[in-house]
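Please load the model in your viewer and keep the sequence panel open beside it. The tour below moves from one selection to the next.

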Amino acid sequence: EIRNCDWSSDVCSSDLETAPEEPAGPQTVMVDIPSGTAVPGCEETNECYIPASVTINAGDTVTWVNVDTAAHTVTGGSPAEGPSGVFDSSLVLGGAEYSFTFEESGSYDYFCMVHPWMVGDVQVN
């Protein structure tokens, strides 16, 4: 057997073929609702939700954590078109969180019904 090895790092090409795979099973992605977002301004830096855009796989869950003192919502849809009906946290009080599991691929915009300048999106593969 001939092996192509980089002796400076002790890595051989046949070793690379058995690289570990990504973790199996559903994942949970965390999104913060930062302090101070009840006042306009966060939309200028796209930081009303951090991160404002997440990409996940079908079956994964997104958990929004409200680290603000004000209550917010995580409502599917957009301020211009209103709620989509796909998901809605209702009021998430300061210190509380809301989770939603995305079962189908697609693009999901969301916003805060109380503070409509707060927008984000979830891309589901």
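Is V114 buried, partly exposed or exposed? Select V114 to begin: V114 is partly exposed, because its relative accessible area is 43%, where buried means under 20% relative accessible area, exposed over 50%, and partly exposed in between (1.4 Å probe, protein chains only). Before going further, note that this is a predicted model, in which local features need pLDDT of at least 70 and side-chain atom pairs count only at pLDDT 80 or more, while totals for chains, interfaces and linings use all residues. Residues are numbered from 1 along each chain as its sequence is written, and side-chain values use heavy atoms, with hydrogens and water left out.

Stay with V114, which sits in the loop between β9 (106-111) and β10 (119-124); strands here are DSSP runs of E with at least two residues, helices are runs of H or I with at least four residues, and both are numbered from the N terminus. Add L91 and L93 to the selection, and you have a nonpolar surface patch with about 290 Å² of accessible area together. Such patches are made of residues with over 30% relative accessible area and no salt bridge, with like charges joined within 9 Å and nonpolar side chains (Val, Leu, Ile, Met, Phe, Trp, Tyr) within 5 Å. A salt bridge, in turn, is a side-chain nitrogen of Lys or Arg within 4 Å of a carboxyl oxygen of Asp or Glu, and accessible areas come from the Shrake-Rupley method with a 1.4 Å probe, where for residues only the protein chains shown count as cover.

Now zoom out to the whole protein chain, which has 1 helix and 10 strands in the sequence pattern β-β-α-β-β-β-β-β-β-β-β. Of its 125 residues, 35% are buried.

Next, select the cysteines C42 and C48, which form a disulfide with their sulfur atoms 2.0 Å apart; the term covers a pair of cysteine sulfur atoms within 2.5 Å. The torsion about their S-S bond is about 95 degrees, so this disulfide is right-handed, and both C42 and C48 are buried. A search of the whole structure finds 1 disulfide. Then move to C112, whose sulfur is 9.2 Å from the closest cysteine sulfur, in C48, and therefore too far for a bond; C112 counts as buried, because its relative accessibility is 0%.

From there, colour β3, β5 and β8, an open sheet of 3 strands in the order β3-β5-β8 with mixed pairing, where two strands pair if DSSP finds at least two bridges between them. The edge strands are β3 (28-33) and β8 (97-101), each pairing on one side only. Strand β3 runs parallel to β5 (residues 61-66), and 6 bridges join them; within this region, D32 stands opposite V65 in β5.

Follow the chain into the loop between β3 and β4, where P51 lies and where the peptide bond from I50 to P51 is cis, with omega near -5 degrees. The same loop, between β3 and β4, also holds N46, which has a positive phi of about 55 degrees although it is not a glycine.

Finally, select T55 in strand β4 (residues 53-56), which counts as exposed because its relative accessibility is 53%. Add Q123, which is 68 residues from T55 in sequence, while their C-alpha atoms are 4.6 Å apart in space.
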